[in-house]
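Reader: I would like to see how the words used for a structure are tied to numbers. Please take me through one example.

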Amino acid sequence: MNRTVKTGARAGAGVPSLPRHLARGAAGFGALAASVALWPVLGPAGLLLAPAGLYALRGCPLCWTATLLRVLTLGRAHPPCPDGRCRIPGSGSGSGTGSGSSSGGQGR
């Protein structure tokens, strides 16, 4: 029995495009850095940029970084399937090749 995974429009659902994600990161980290850098000039009023930065990063700088890694590795971790149906490795028809077979003491 072969298990297959369908690919299509929903395969990358929830993953932003790289340019859009980088723009959000530049705006978010820029606003956070500006809020800290403007502290000596504006005092506590400079911290008003911090919520805008967190909003651009959607709340969490670490989560933004994790999503960036997901966007960058999506093509390599899940290569596109030529016929639209991907076979999952190790879900062959049970031929038994390559797993669990003993070859009478080879390798000793």
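Author: Two residues are in contact when they have heavy atoms within 4.5 Å. This model is predicted. Among contacts in its chain with a separation of 6 or more, 75% are between residues 24 or more positions apart.

Reader: What makes up the secondary structure of the chain?

Author: The chain has four helices and two strands. Along the sequence they follow the pattern β-α-α-α-α-β.

Reader: How much of the chain counts as buried?

Author: The chain has 108 residues, and 19% of them count as buried. A residue is buried if its relative accessible area is under 20%. The accessible surface of the chain is about 8,200 Å², with 63% of that belonging to carbon and sulfur atoms.

Reader: Is Arg-24 buried or exposed, and how do you know?

Author: Its relative accessible area is 17%. The cut-off for buried is under 20%, so Arg-24 is called buried. Arg-24 is found in helix α1. Apart from neighbours within four places in sequence, Arg-24 is in contact with Ala-56, Leu-57, Arg-58 and Trp-64.

Reader: What is Ala-37 called, buried or exposed, and why?

Author: Ala-37 is also placed in helix α1. Its relative accessibility is 52%. Exposed means over 50%, so Ala-37 counts as exposed. The C-alpha atom of Ala-37 is separated by 9.4 Å from that of Leu-47, ten residues apart along the chain.

Reader: Which residues of helix α3 are buried, and how do you know whether they are on the same side or not?

Author: Helix α3 covers residues 49-56, and its buried residues include Ala-50, Gly-53 and Ala-56. They span an arc of only 125° around the axis, and therefore lie on the same side of α3. In an α-helix there are 3.6 residues a turn, so residues three or four places apart point the same way. The cover over the buried residues of α3 includes α1.

Reader: Which exposed residues does the face of α3 turned away from its buried side carry?

Author: That face carries Pro-51 and Tyr-55, which are exposed. After α3 comes Arg-58, with a positive phi near 60°.

Reader: Why are Cys-60 and Cys-63 not called a disulfide?

Author: A disulfide is a covalent bond between the sulfur atoms of two cysteines. The cut-off used for such a pair is within 2.5 Å. The sulfur of Cys-63 is 3.0 Å from the closest cysteine sulfur, in Cys-60, so the two are too far for a bond. The structure holds zero disulfides.

Reader: What are these two cysteines called in terms of exposure, and why?

Author: Partly exposed lies between under 20% and over 50%. Cys-60 has 23% relative accessibility, so Cys-60 counts as partly exposed. Cys-63 has a relative accessible area of 45%, so Cys-63 is partly exposed too.

Reader: What makes a nonpolar patch on the surface here, and which elements give two or more residues to it?

Author: The patch is formed by Leu-18, Leu-22, Leu-69 and Leu-72, which together have about 330 Å² of accessible area. Two or more residues come from each of α1 (18-37) and α4 (61-77). A residue in a patch needs over 30% relative accessible area. Leu-22, in helix α1, has 42% relative accessibility, so Leu-22 passes that cut-off. At that value Leu-22 counts as partly exposed.

Key: Residues numbered from 1 in each chain as written. Predicted model: local features only at pLDDT ≥ 70, side-chain atom pairs only at ≥ 80, totals over all residues. Heavy atoms only, no water. Buried < 20%, exposed > 50% of the residue type's maximum accessible area, 1.4 Å probe, protein only. Patch = residues over 30% accessible without salt bridge, like charges linked within 9 Å, V, L, I, M, F, W, Y side chains within 5 Å. Areas by Shrake-Rupley, 256 points an atom, 1.4 Å probe, with all protein chains shown as cover. Salt bridge = Lys/Arg side-chain N within 4 Å of Asp/Glu carboxyl O. Arc of directions from axis to C-beta.
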